[in-house]
Amino acid sequence: METKGKVDVLLGLQWGDEGKGKVVDVLTPMYDVVARFQGGPNAGHTLEFEGEKYVLRSIPSGIFQGGKTNIIGNGVVLAPDLFMAEALELEKTGHPLKERLHISKKAHLIMPTHRLLDRANEAVKGKDKVGTTGKGIGPTYTDKVSRNGLRVGDILHRFEEKYRAHKERHLAMLHALGWTDLTGLEEAEARWMEGVEFMKQFSLVDSEHEINAVLRNGRRILCEGAQGTMLDVDFGSYPFVTSSNTICAGACTGLGIGPNRIGEVFGIMKAYCTRVGSGPFPTELFDETGKKIRDLGHEYGAVTGRERRCGWIDLIQLKYSVMLNGVTQLIMMKSDVLDSFGTIKACVGYLLPNGEETTDLPYELDGVKPIYKEFDGWCTDMTHFTSEEQFPEKFRNYVDFLEGFLETPIKVISIGPDRAQTIIRK
């Protein structure tokens, strides 16, 4: 009988920024291949080890482990200029990318004019703007679903002709939106074309064939999600979402694998909750507690530097995410940020605007008020702990409650940003 490998999926369960990069880096030694399946350079995955800090935007976080193949899948959107800058920066630190990184020919390209369209669309929306990163992600996915996209594989076939046609179309759209500011477009294009030439040095592959060949050989793949479940275009807090499927099902369409190949689903969450950009956030804190969480957690965007909105953990939202993704193991990040709090809160229900209480995530999150359960804080510095036996009882009580409510085991607990500050529970 044919031996078949499995695909394990690692993804964020909140509104992104859960700490996926560090976890991929910790888990990578167990896998042969690490693959990104959606999103673009709006997602920054931060990794810290051996005294160095790295922020990855498009490149999978397994790139630091020697001998591993890393794949940028078809569901990703890629900006050649930003990819080149990121790759050159990594190569300077001694990480040889060209032999480790493969790029799907079916991944879509973010053009300079996509970024202008992003800004123009947000300007038109005014106060209803989504709060995008302005990286051109949304317009690129819009082109993809309207069958007007430019793909990595097009680099190899009549590329300049195709590029010109797409650019003219975008300029007409910008004109229709009343956007006349084309400042810097020529310079951006020159850099972008340089990035296209740079990409030709990499293995441009039919990644669906490569990935399924890896599985047929009984080898293991880790799929790395970007953003978080609540930013999923179908199931997130629409319209304040990203333009791709961030949930586990996105790994199937974003890499070309059958659902029967999915093994473990690692769901990553913070011990509290954050959100970037506009949109509802039921447990958001506007007081000193929220500011303290932001400062202790260094809650500023890895790519944009934007202040993240902070609040207590929302177990209603997390229960929903666990269900959607079929999570088999939970990974809790940034537990150490709560080390100095006397009281910790967790949202265990919602009070709806009509006065009803619910433990299901409703269609409309606006106007929802959280119902909290309070816990005594553990008031212990856990950043130097090396095993779960050292955890204080009050922290154990918090973890036990979360596991019971979410009906899923918390297998890994992070107590600091470094690779070494990771407790794998028995």
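Let's start with one residue: Lys334 is partly exposed, since its relative accessible area is 23%, and partly exposed means anything between the 20% and 50% cut-offs. Keep in mind that you're looking at a predicted model. To find Lys334, go to the loop that runs between β15 (329-333) and β16 (343-351). Its backbone has a quirk: phi of Lys334 is near 60 degrees, which is a positive value in a residue other than glycine.

Glu407 has a positive phi too, near 55 degrees, and again this residue isn't a glycine. Look for Glu407 in the loop between α11 (393-406) and β19 (410-414). Is Glu407 buried or exposed? With a relative accessibility of 72%, Glu407 counts as exposed, because the cut-off for that label is over 50%.

Now zoom out to the whole chain. The domain assignment splits it into domain 1 (7-104 + 204-266), domain 2 (108-200) and domain 3 (270-407). If you take the centres of domain 2 and domain 3 over their C-alpha atoms, they are 37 Å apart.

Next up is empty space. Rolling a probe the size of a water molecule over the atoms shows where such space is left. The second largest pocket has a volume of about 350 Å³. It is lined by 16 residues, and the closest to its centre are Gly236, Ser237, Tyr238, Tyr363 and Glu364. Sorted by class, that lining has 11 nonpolar, two polar and three charged residues. Where does this pocket lie relative to the domains? Domain 1 and domain 3 both give residues to the lining, so the pocket lies between them.

Tyr238, one of those residues closest to the pocket's centre, has something else to show you. A cis peptide bond joins Tyr238 to Pro239, with omega at about 5 degrees. Pro239 itself sits in the loop between β10 (221-224) and α8 (249-255).

Finally, look for enclosed space. The count comes to one cavity of 30 Å³ or more, and the largest cavity holds about 60 Å³ of space. Its lining includes Lys22, Val23, Ile331, Met333, Val412 and Thr422. The elements that give two or more residues to this lining are α1 (20-27), β15, β19 and β20 (422-424). Which element gives the largest share? That's α1, with four residues. By class, the lining of the largest cavity has seven nonpolar, two polar and one charged residues.

Note on methods
Residues are numbered from 1 along each chain as its sequence is written. This is a predicted model: local features need pLDDT of at least 70, side-chain atom pairs count only at pLDDT 80 or more; totals for chains, interfaces and linings use all residues. Side-chain values use heavy atoms; hydrogens and water are left out. Domain bounds come from an automatic or database domain assignment. Buried means under 20% relative accessible area, exposed over 50%, partly exposed in between (1.4 Å probe, protein chains only). On a 1 Å grid over the protein atoms alone, a cavity is a set of points where a 1.4 Å probe fits but cannot get out, and a pocket is an open set with protein on both sides within 12 Å along at least five of seven lines; lining residues have an atom within 4 Å of a point. Grid points are joined across faces, edges and corners, and a volume is the space filled by probe spheres set on the points. Ala, Val, Leu, Ile, Met, Phe, Trp, Tyr, Cys and Pro count as nonpolar, Asp, Glu, Lys and Arg as charged, and the others, Gly among them, as polar.
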